[in-house]
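Visitor: I would like a close look at a single part of this protein. Please pick one helix and work outwards from there.

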Amino acid sequence: MAFGNRSFVTEFILIGLTDQPNLQLPLFFLFLVMYMVTMTGNLSLVILIGLNSHLHTPMYFFLFNLSLIDLCYSSVFTPKMLLNFILNKNIISYTTGCMTQLYFYSFFVISECYVLMSMAYDRYVAICNPLSYNIAMSPKICSYLMLGSYLMAFSGAMAHTGCMLRLTFCDANTINHYFCDILPVMQLSCTSTYVNELEVFVVVGINILVRSMTIFISYGFILSSIFHIKPKEGRSKAFSTCSSHIIAVSLFFGSGAFMYLKPSSAGSMDEGKISSIFYTNVVPMMNPLIYSLRNKDVKVALRITLSRWKLW
């Protein structure tokens with residue numbers, strides 16, 4: 001039987017973040033501001049890195065891709081989330097709406113996992129093996145790392161969406177979330193979800209646990225090397241940079257693990273909605289601030305770009 005004929009449901013209703021009427025308008029403006037900050041910050045980084053040749057290095061190549069992913073990532077669900085705050089009933093179609101949103105959400109979130117891992121590897125080589133940096137992080141290797149990231153994201157997104165399309169949805173069509181996330185949609189199925197739960201555990205386990213462990217081990221070696229740096233200024237600068245990166249990575253992977261790697265229930269779904277705000281809204285907004293505000297290269301690039309615009 002074809003995937004499209006397996007479901008009796010043609011559309012879903014998104015409950016949203018909360019069903020309390022007095023909170024709808026304040027939350028609308030809060031998340032609208034967050035979305036505007038996210039788009040402005042990430043788009044600014046993409047433009048700055050693209051226009052300034054001195055930022056065409058491996059670290060900024062990965063940061064360029066991270067910002068590009070966050071731009072697309074936020075746009076997958078935030079506009080629909082904002083609509084939910086001002087509409088009485090937020091309806092999304094089953095195939096062209098919900099499954100498409102699920103696919104692109106999965107693609108961009110898995111891409112971010114691998115880009116963050118590549119960035120951690122870049123910092124590890126730069127600090128722990130600086131003499132081999134130009135060889136280990138050559139343009140060819142950086143391109144392969146990014147290609148591998150997107151291929152893994154494509155395969156993971158296809159696995160999530162393909163497994164979801166095999167389920168049958170009979171009568172229940174109210175999703176207890178503000179977008180078509182995997183677990184809330186899965187709960188509505190009137191057929192067995194054992195295969196889906198196993199697939200989520202394996203794919204998410206690989207993408208969250210394995211990647212986060214790899215990243216934290218890399219930063220463990222980095223911190224160990226930092227403590228052996230003799231000049232106090234160099235040590236404090238390196239530690240400051242790495243600590244901000246660790247905070248961003250912890251928020252992203254920690255909130256993702258809380259959502260996906262625990263037993264699901266109605267209560268946990270409500271908790272999951274809160275935790276998902278961190279990896280869907282807060283982290284994409286924070287990334288440009290964490291990776292640029294304390295970075296002299298980005299500040300110099302911003303001054304150069306602004307001076308060029310003034311001359312025009």
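Guide: What follows starts with the overall fold, then turns to helix α3 and its surroundings.

This is a predicted model, in which local features need pLDDT of at least 70, side-chain atom pairs count only at pLDDT 80 or more, and totals for chains, interfaces and linings use all residues. Residues are numbered from 1 along each chain as its sequence is written, and side-chain values use heavy atoms, with hydrogens and water left out.

The protein has 10 helices and three strands. Both are DSSP runs numbered from the N terminus: H or I over at least four residues for helices, E over at least two for strands. Along the sequence the order is β-α-α-β-α-α-α-β-α-α-α-α-α. Buried residues account for 49% of the 312 residues. Buried means under 20% relative accessible area, exposed over 50%, and partly exposed in between, with a 1.4 Å probe and protein chains only. Contact means heavy atoms within 4.5 Å. Of the contacts between residues at least 6 apart in sequence, 79% join residues at least 24 apart.

Now the chosen part. Helix α3 covers residues 94–128 and gives the most to the largest nonpolar core, with 18 residues. That core has 87 residues. A nonpolar core is a set of buried Ala, Val, Leu, Ile, Met, Phe, Trp, Tyr and Cys residues joined through side-chain atoms within 4.5 Å. F12, F31, Y105, M164, F169, F252 and Y260 touch the most other members.

Take Y105 first. Setting aside neighbours within four places in sequence, Y105 is in contact with Y73, V76, F77, F179, D181, Y260, Y279 and T280.

V109 comes next, also in helix α3. V109 counts as buried because its relative accessible area is 14%. Beyond neighbours within four places in sequence, V109 is in contact with Y73 and F252. Y279 lies 170 residues from V109 in sequence, yet the two C-alpha atoms are 8.6 Å apart.

UniProt, in an unreviewed entry, lists residues 102–121 among its "transmembrane region" spans. Such annotations may be inferred rather than shown by experiment; positions are given in the numbering used here, and feature names are shortened. In the model, residues 102–121 are 100% helix and 0% strand, with end C-alpha atoms 29 Å apart.

Residue Y73 leads to helix α2. Helix α2 (residues 58–86) has 29 residues and reaches 43 Å from first C-alpha to last, close to the expected 42 Å. The expected span is 1.5 Å times one less than the number of residues. At S75, shortly before the proline P79, helix α2 has a kink of about 35°. The bend at a residue is the angle between axes fitted to the seven residues ending there and the seven starting there.

Two other helices also bend. Helix α1 (residues 21–51) reaches 45 Å, close to the 45 Å expected, and has a kink of about 25° centred on L27. Helix α7 (residues 194–226) has 33 residues; the expected span is 48 Å and its end C-alpha atoms are 46 Å apart, which agrees. The bend in α7 is about 35°, at G205.

Finally, helix α9 (residues 266–292) holds M285. M285 is classed as buried because its relative accessible area is 18%. Beyond neighbours within four places in sequence, M285 is in contact with M34, V37 and T38. Y35 is 250 residues from M285 in sequence and 7.5 Å away, C-alpha to C-alpha.
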